[in-house]
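Reader: Hi! I have a model open on my screen and would love to go through some of its side chains with you. Could you help me out?

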Amino acid sequence: MTSKEVLEMAKKNKAVMFDMKFMDFPGLWQHFSCPIDELTEDIFKDGLGFDGSSIRGWKSINTSDMLVVPDADTAVMDPFTEYPTISLICNVVDPITKEKYSRDPRHIAQKAEAYLKASKIADTAYFGPEAEFFIFDDVMFDQTPNSGYYFVDSVEGIWNSGREEGPNLGYKPRHKEGYFPVPPTDSQEDIRTEMVMEMQKVGIYVERQHHEVATAGQAEIDMRFNSMVTMADQLMYFKYIIKNVAKRNGRTVTFMPKPLFGDNGSGMHTHQSLWKGGKPLFAGNEYAGLSKMALWYIGGILKHAPALAALTNPTTNSYKRLVPGFEAPVNLAYSGRNRSASIRIPMYSPSPKAKRVEVRFPDPSCNPYIAFAAMLMAGLDGIENKINPGEPLDKDIYDLAPEELANVPSMPGSLEDALDNLENDHDFLMKGDVFTDDVIETWISYKRSKEVDALRLRPHPYEFFLYYDI
């Protein structure tokens with residue numbers, strides 16, 4: 001779409017406002033809106049100014065002036081504004097040098113796509129994330145010097161089976177039994193369909209929606225794969241739509257990986273494949289119908305997974321899900337069909353076009369531009385260096401004897417460990433200037449000071465249960 005076509009789209013839809021959306025460093029959308037008379041073709045070249053020092057992980061106050069430049073191809077009508085508003089995803093630009101800002105996550109992903117093309121290995125990387133989430137009816141949390149708590153609730157929660165609900169009608173999914181029950185046990189069919197309908201309005205192709213494994217409204221909506229930056233754009237609209245549909249239905253949604261104790265957390269299994277000239281490159285005659293290239297790609301992911309974790313599982317809460325012996329795939333192995341491996345090769349279709357690898361350890365708390373770019377760079381490092389992924393592991397990893405399991409490497413056990421791994425292993429991210437020293441250093445510093453240390457300083461409610469009577 002051209003800038004002129006965006007203006008025509010705004011006129012056709014009688015837009016009275018336009019909205020400029022862009023990504024902060026950790027992974028939340030930011031925005032501001034302007035009257036439609038301010039939208040000119042020049043804005044698509046010159047951008048609009050804002051204060052970069054007020055965005056998390058960005059400019060200092062003495063160098064705070066920044067520009068957002070809209071990408072015309074991202075124009076859609078916002079499905080939630082009362083007044084017709086055209087929505088645009090933007091790139092962030094330095095107003096002096098006119099260069100794209102190195103800490104803009106979307107720019108990092110764009111550079112990763114450019115590096116892929118320059119490598120001549122492939123011209124397109126397709127990504128298909130499965131971002132799970134919870135739909136709750138109520139949430140409260142607080143932390144003060146003398147108290148700390150959280151409370152989430154859902155009418156579906158099995159813990160409410162004995163609650164007075166005037167009347168309580170039952171049909172609450174038991175722990176780990178929420179996968180695919182029909183209504184009335186699945187009470188959220190209609191709200192998920194409403195989410196799908198809104199996604200279709202902004203051009204997202206949805207393949208399916210369903211209840212997920214956990215009690216209390218865990219859900220999944222699957223989008224069809226797309227090229228990497230476009231998929232990251234769509235994942236941001238995906239989150240925006242899901243949260244806003246929930247709110248207008250009196251519900252709340254979280255993509256936090258582990259909001260419930262004793263039940264499954266939310267992952268973001270991410271399907272990936274490389275193509276060149278319209279032809280798939282991951283199909284071949286090797287294990288599970290893969291090509292050598294695909295196996296090397298897997299080798300790169302497995303080798304760098306402990307460092308990738310700091311970007312694909314970037315919250316302290318991520319490691320409440322990534323716990324050995326439970327449902328999340330913490331063991332660094334690959335397998336066809338086997339969901340206990342951290343990388344799976346889906347075997348649903350014999351078509352070469354369907355051949356892909358599914359990286360199962362990421363979660364939806366990640367910044368998708370950064371996480372996708374990092375996984376692509378790890379996979380390309382595997383191809384460039386022909387990294388052997390080792391033998392596949394087709395056994396149920398959860399049933400392996402301790403002596404066998406000892407030979408299988410695993411994901412880091414905490415965000416602190418993951419950041420240490422990223423600090424020691426990030427050269428693969430620096431190729432083509434995709435990531436920079438500044439980006440890596442800022443990410444590690446931000447996460448350590450704002451999240452790891454912040455959590456370490458605060459007493460945990462369960463510590464009172466364990467230690468109060470000492």
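Reader: Thanks! To start, which ring does the charged end of Lys 21 sit over?

Author: The ring of Trp 29: the charged end of Lys 21 is 5.7 Å from its centre. A charge counts as over a ring if NZ of Lys or CZ of Arg is within 6 Å of the ring centre and within 35 degrees of the ring normal. Before we go on, this is a predicted model, where local features need pLDDT of at least 70 and side-chain atom pairs count only at pLDDT 80 or more, while totals for chains, interfaces and linings use all residues. Residues are numbered from 1 along each chain as its sequence is written, and side-chain values use heavy atoms, with hydrogens and water left out.

Reader: Good to know. What does the charged end of Arg 224 sit over?

Author: The ring of Tyr 205, with 3.9 Å to its centre.

Reader: Back to Lys 21, which side chain does it meet in a salt bridge?

Author: Asp 78, at 3.2 Å from N to O. A salt bridge here is a side-chain nitrogen of Lys or Arg within 4 Å of a carboxyl oxygen of Asp or Glu. Lys 21 is in strand β1 and Asp 78 in the loop between β5 (76–77) and β6 (85–93), so this pair links parts of the chain 57 residues apart. Helices (H or I, at least four residues) and strands (E, at least two) are DSSP runs, numbered from the N terminus.

Reader: Is Lys 21 buried or exposed?

Author: Lys 21 is buried, at 2% relative accessibility, and Asp 78 is buried too, at 8%. Buried means under 20% relative accessible area, exposed means over 50%, and partly exposed is in between, with a 1.4 Å probe and protein chains only.

Reader: How many salt bridges does the structure hold?

Author: There are 27 of them. One of them joins Arg 448 and Glu 423, whose closest N and O atoms are 3.0 Å apart. Arg 448 lies in helix α12 and Glu 423 in helix α10 (residues 415–424), so the pair ties together parts 25 residues apart in sequence. Arg 448 is partly exposed at 24%, and Glu 423 is partly exposed at 39%.

Reader: Which residues are linked in a network of salt bridges?

Author: Asp 153, Arg 163, Glu 165 and Lys 172 are linked that way.

Reader: Switching topic, I always check cysteines. How many disulfides does the count come to?

Author: The count is 0, where a disulfide is a pair of cysteine sulfur atoms within 2.5 Å.

Reader: Why is Cys 90 not bonded to Cys 34?

Author: Because the sulfur of Cys 90 is 9.7 Å from that of Cys 34, its closest cysteine sulfur, which is too far for a bond. Cys 34 counts as buried at 13% relative accessibility, and Cys 90 is buried at 1%.

Reader: And aromatics? How many pairs are there?

Author: The count comes to 20 aromatic pairs. Rings of Phe, Tyr and Trp (its six-membered ring) pair if their centres lie within 6.5 Å; planes under 30 degrees apart are stacked, over 60 edge-to-face, and the rest tilted. Phe 22 and Phe 50 make a tilted pair, with ring centres 4.7 Å apart and planes at 45°. Phe 22 sits in strand β1 (residues 17–23) and Phe 50 in strand β3 (residues 48–51), 28 residues apart. Phe 22 is buried at 3%, and Phe 50 is buried at 13%.

Reader: Which residues form one aromatic cluster with that pair?

Author: Phe 22 and Phe 50 form one aromatic cluster with Trp 58 and Tyr 101.

Reader: Nice. Last topic, backbone oddities: which peptide bonds are cis?

Author: Among them are the bond from Gly 166 to Pro 167, with omega near 0°, and the one from Pro 183 to Pro 184, with omega near 10°. Pro 184 is in the loop between β9 and α4. Most residues other than glycine have a negative phi, and most peptide bonds are trans.

Reader: What about Lys 14, what is its phi?

Author: Lys 14 has a positive phi of about 55° although it is not a glycine. Lys 14 is in the loop between α1 (3–12) and β1, and counts as exposed at 66% relative accessibility.
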